Amino acid sequence: MISSPLVVAPMAGGTSTPALVIAAAQAGAIGFLASGYKTPAAMAAEIQQVRSAVKNTGQNFGVNVFVPGEPVVETEQLKAYRERLLKDAALLGAGVPELSPGLLNDTDFWSEKVQLLIDDPVPLVSFTFGLPEAGLVRSLHAAGSLVWATVTSPAEATAAAGLGVDALVVQHNSAGGHSAAFLPAPVAHQQSADVIELMTQLRAAGVARPLIAAGGIGTANRLREVLAAGAIAAQLGTAFVRSIESGARQLHKDALADQRFNVTAITRAFTGKNARALVNRFVSEHPDAPTAYPTVHHLTAPLRAKAAADDDADSLNLWAGTSWRTAQAGPAANIIRALLEAN
Ligand SMILES: Cc1cc2nc3c(=O)[nH]c(=O)nc-3n(C[C@H](O)[C@H](O)[C@H](O)COP(=O)(O)O)c2cc1C
């Protein structure tokens, strides 16, 4: 069913690279390409790069796709947030795009990307931000791929299991980067303390699919614990952001090791979707950003680019899970070896 208990997470925005996926396979882990924000042509080129290199390793690799939500509605809250961003942008010397239809209704080339995966299959396809239709799951199976869906609650897991996907990536909200959630979050007293408790909740709800644990896993010990709790594998993101093969900006890599940053939080400030990041000035100053993804992502893009060019870590989206302090620099192979050592 699975060729390794360790999955190097797909990380869109430049962090996942073909080199990281190949390094993962060569070191005995499963790597994922992140198709989010990429053109179909760029996605196809990365698949070509990875396919032959991974084949000889005996490992699988995957491609991750963002499931688009409903078009964003241009609310007063969104317009007001754009006005506030204009002030940030003016201070930084960057612009903010207009709220054009293209920014409100961006599906990230969904149809083209899934067609490409049907026409030119890869071993694993994972989805986040929503669920694929059952017909698409059947088409991907017919093409020879295994299909994973990312879920964050028992309700989402039940819905995903009903589609016949092969495994569920169970993402706890300790995870770095965007939350995969696509249904309203459970009420406070039903939320889980960590990914093991979340897996227990899924089992209690009758979900019988294989589970891949994600969120806050940063050490070999923790990996062992989630495997002992019944996960077939763990998917780690933050642990690889500082690796040599990661394409994350140096500013992001350095911030993860900077003692000045001492806490993470869930924020919508950068993209309009909940994501866990190191708390910096931008996160602190925008506690009430609207739920409007990916429109806010596009609105803040020039601002983030300028922040990166200016080495301004206080205005950048520093995605990080709660275990960020254990993230190591160096070759991905070393990080993988240390994680797998005792497992
Ligand atoms: C920089 C970054 C980018 C991410 N991008 C994606 C993505 O494109 N697709 C996805 O399914 N998950 C993405 N994630 C979430 C990971 O798949 C995974 O759930 C998470 O990293 C696990 O928690 P951890 O960061 O504590 O290890 C991203 C995470 C990070 C840190």
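**A friendly note on the ligand site, the pockets and two loops**

1. A backbone N or O atom of Ala 12 lies 3.0 Å from an oxygen atom of the ligand. Please keep in mind as you read that this is a predicted model. Taken alone, the ligand exposes 600 Å², and the protein buries 96% of that area.

2. Two further backbone contacts are worth finding on your screen. At Gly 237, a backbone N or O atom is 2.9 Å from an oxygen atom of the ligand. At Pro 10, the partner is a nitrogen atom of the ligand, and the distance from a backbone N or O atom is 3.3 Å.

3. How many residues surround the ligand? There are 21, and the closest are Pro 10, Asn 64, Gly 216, Gly 237 and Thr 238. Pro 10 and Gly 237 therefore appear twice in this note: they belong to the closest residues, and each has a backbone atom within the 3.5 Å cut-off for a polar contact.

4. Now look at what the shell is made of. Nine of its residues are nonpolar and 12 are polar, while no charged residues occur there. Strand S3 (61–66) and strand S9 (233–236) each provide at least two residues of this shell.

5. Which pocket holds the ligand? The ligand sits in the second largest pocket, so do take a moment to look at the largest one as well, using the definition of a pocket as an open set of grid points. The largest pocket has a volume of about 1100 Å³. It is lined by 49 residues, and those closest to its centre are Ser 179, Ala 181, Phe 182, Lys 273 and Asn 274.

6. The lining of the largest pocket gets two or more residues from strand S7 (177–178) and likewise from helix H8 (195–204). By class, this lining has 22 nonpolar, 20 polar and seven charged residues. Set beside it, the shell around the ligand has no charged residues.

7. Finally, two spots in the backbone deserve a look. Most residues other than glycine have a negative phi, and most peptide bonds are trans. Asp 108 has a positive phi, near 55 degrees, and is found in the loop between helix H4 (101–104) and helix H5 (110–119). The peptide bond that joins Tyr 293 and Pro 294 is cis, with omega about 0 degrees. Pro 294 lies in the loop between helix H12 (281–285) and helix H13 (295–309).

How values were computed:
Residues numbered from 1 in each chain as written. Predicted model: local features only at pLDDT ≥ 70, side-chain atom pairs only at ≥ 80, totals over all residues. Heavy atoms only, no water. Near = heavy atom within 4 Å. Polar contact = N/O pair within 3.5 Å; in protein donor to acceptor, adjacent residues only side chain to side chain. Areas by Shrake-Rupley, 256 points an atom, 1.4 Å probe, with all protein chains shown as cover. 1 Å grid on protein atoms, 1.4 Å probe; cavity = no way out; pocket = protein on both sides within 12 Å on 5 of 7 lines; lining within 4 Å. Sits in = over half its atoms within 2 Å of the grid points. Helix = DSSP H or I, 4+ residues; strand = E, 2+ residues; numbered from the N terminus. Nonpolar A, V, L, I, M, F, W, Y, C, P; charged D, E, K, R; others polar. Points joined across faces, edges and corners; volume = space filled by probe spheres on them.
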